[in-house]
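Biologist: Could you take a close look at one part of this model for me? I'd like to hear about the second largest pocket and the helix packing that goes with it.

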Amino acid sequence: YLKISKLALAFAIIHSKPPGKSSKEFTEDLARTVSEQDFGLKRKVEMLEAEVLRLRQELLLNRISPRFCLENGKQDTSAETLLGQESINPTSYSSQLEDSGCDVCNDSAFDSLGIASDFHQSEHNVNTSKHWLERVPPLNLCHTSKQQSLTAPVHFLQRLLEIRKLSEGGILQADFSELENDSFTICNSVSQLLDGLTVFYNSPKFPAPGFLTEGVCVLISLITDTKLSNHVLKKCFKKIEEFKKNLIQIILRNRNVNRFQALHSVSQTLGLLGRNNILRNSLISLLLSGVRQFAEQLLQAHQIQSVYDITQYENIFLLCMILEQLLQNETEESNIGSSDYGGEEKIKFLKNLDQVILHLSDEFPLFSLYLWRVSVLLNSGQMQ
């Protein structure tokens with residue numbers, strides 16, 4: 001049937017081609033015209049889907065708290081989120097990204113982004129501290145697709161966080177069981193937010209746009225909120241796992257000359273995601289896998305005296321630093337005995353690690369030191 005259809009189409013094109021134009025040229029013109037029409041239709045479909053999602057978001061918010069939506073229509077106020085300034089400060093965040101980033105491969109620079117010090121603070125401090133975020137204007141279909149991919153879900157999720165905060169204070173009555181009845185809207189919104197963040201991290205701009213910073217703030221607020229996090233993680237866990245994998249690959253594969261400021265902002269987001277106990281265990285597994293695989297590749301290249309990827313070697317230290325901080329955080333919270341973080345990846349990482357360190361220590365002393373420090377933290381968990 002397909003062959004007959006193709007043959008019929010070919011005959012139709014040949015019979016209908018205008019004089020003075022070959023069948024090939026006429027076919028290319030038809031293909032170009034159809035492609036342009038498809039692009040226009042695709043764009044219209046995307047705009048309509050975005051509008052449908054916005055309406056579903058409004059409907060969900062109205063079901064959760066009709067009073068909030070009524071008052072929200074009368075006045076435009078700021079949304080108070082649960083993320084503290086010590087977790088991620090937009091001012092310091094942007095100013096850090098304005099730096100050239102040529103000399104940031106040290107612990108002090110890593111700490112300057114707030115990761116090392118933040119790991120020593122409990123999640124309770126994140127939940128109780130306050131930071132004001134400006135309200136993102138309603139969805140504007142004239143926005144660029146990249147910006148819209150963040151502003152639309154951020155606007156909805158900020159309002160959801162605001163309802164959560166007001167209901168906690170007894171100001172509003174809210175029924176968050178509605179999130180169970182409309183999993184599509186919350187999943188789609190979080191997915192859009194994660195995809196939008198991934199796009200910007202793949203092609204970062206300096207200084208970081210304000211809506212990028214707000215997107216990170218909203219994401220961290222969602223997964224640290226005691227009530228909303230259960231709904232978000234239960235419905236969007238796979239998507240968040242994919243997001244973490246993408247961030248790790250962005251760190252490993254980035255080859256730009258002046259890449260370190262961008263990679264440190266990605267590292268910060270990974271570190272903040274690791275605050276959540278559920279996400280922390282899976283993130284440790286992903287990091288252990290990435291570091292182990294690189295160590296094996298480096299050992300193989302060293303043994304046969306072949307060329308290794310120097311750029312990936314430089315980037316791997318960011319993963320090592322994140323991994324070490326996550327393990328230290330586990331140690332300080334004394335949760336090692338109760339949570340088998342790493343699981344199978346932990347066993348694979350520790351297997352033959354002494355031999356790997358022994359063979360790499362002469363030529364790659366810093367990387368070997370990091371491997372040893374991580375192994376000490378992993379082994380300390382077994383001893384407790």
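Modeller: Sure, and keep in mind that this is a predicted model. Let's start with the chemistry of the pocket wall: the lining of the second largest pocket splits into four nonpolar, six polar and two charged residues. The volume of this pocket comes out at about 230 Å³. Its lining residues include Lys245, Ile248, Gln249, Leu252 and Arg253, and also Leu286, Ser289, Gly290, Gln293, Phe294, Gln297 and Gln312.

Where does that wall come from? Helix H12 (228-253) and H14 each put in at least two residues, and H14 has the largest share of the lining, with six residues.

Now follow those two helices to their neighbours, H14 to begin with. Helix H14 spans residues 277-303, and it packs against helix H17 (residues 353-360) at an angle of about 45°, with the axes 10 Å apart. That angle makes H14 oblique to H17, and the crossing is left-handed. On the H14 side the contact uses Ala295, Leu298, Leu299 and His302, while H17 brings Val356, His359 and Leu360. Sorted by type, that contact has five nonpolar residues, two polar ones and no charged ones.

Next, H12, the other helix in the pocket wall. H12 packs with H10 at an angle of about 10°, and the axes of the pair are 10 Å apart. H10 and H12 are therefore roughly parallel to each other. From H10, the residues in this contact are Ser183, Ile186, Cys187, Val190, Ser191, Leu194, Asp195, Leu197, Thr198, Tyr201 and Asn202; they meet Val232, Lys235, Cys236, Lys239, Ile240, Phe243, Asn246, Leu247 and Ile250 of H12. Twelve of the residues in the H10 and H12 contact are nonpolar, five are polar and three are charged.

One step further out, H10 (residues 183-202) also has helix H2 (residues 23-64) as a partner: their axes come within 10 Å and cross at roughly 125°. H2 and H10 are therefore oblique to each other, and H2 passes H10 in a left-handed crossing. Here Leu53, Arg56, Gln57 and Leu60 of H2 meet Phe184, Thr185, Asn188, Ser189 and Gln192 of H10. That contact divides into three nonpolar, five polar and one charged residue.

So if you're scrolling through the model, you can start at the pocket, lined in part by H12 and H14, go from H14 across to H17, then return to H12 and step over to H10 and on to H2.

Note on methods. Residues are numbered from 1 along each chain as its sequence is written. This is a predicted model: local features need pLDDT of at least 70, side-chain atom pairs count only at pLDDT 80 or more; totals for chains, interfaces and linings use all residues. Side-chain values use heavy atoms; hydrogens and water are left out. Axes are lines fitted to C-alpha atoms, for helices over the stretch in contact, and angles run from 0 to 180 degrees between N-to-C directions. Helices (H or I, at least four residues) and strands (E, at least two) are DSSP runs, numbered from the N terminus. Angles under 35 degrees count as roughly parallel, over 145 as roughly antiparallel, 65 to 115 as roughly perpendicular and the rest as oblique. A crossing is left-handed if the near helix is turned anticlockwise from the far one by less than a right angle, and right-handed if clockwise. Contact means heavy atoms within 4.5 Å. Ala, Val, Leu, Ile, Met, Phe, Trp, Tyr, Cys and Pro count as nonpolar, Asp, Glu, Lys and Arg as charged, and the others, Gly among them, as polar. On a 1 Å grid over the protein atoms alone, a cavity is a set of points where a 1.4 Å probe fits but cannot get out, and a pocket is an open set with protein on both sides within 12 Å along at least five of seven lines; lining residues have an atom within 4 Å of a point. Grid points are joined across faces, edges and corners, and a volume is the space filled by probe spheres set on the points.
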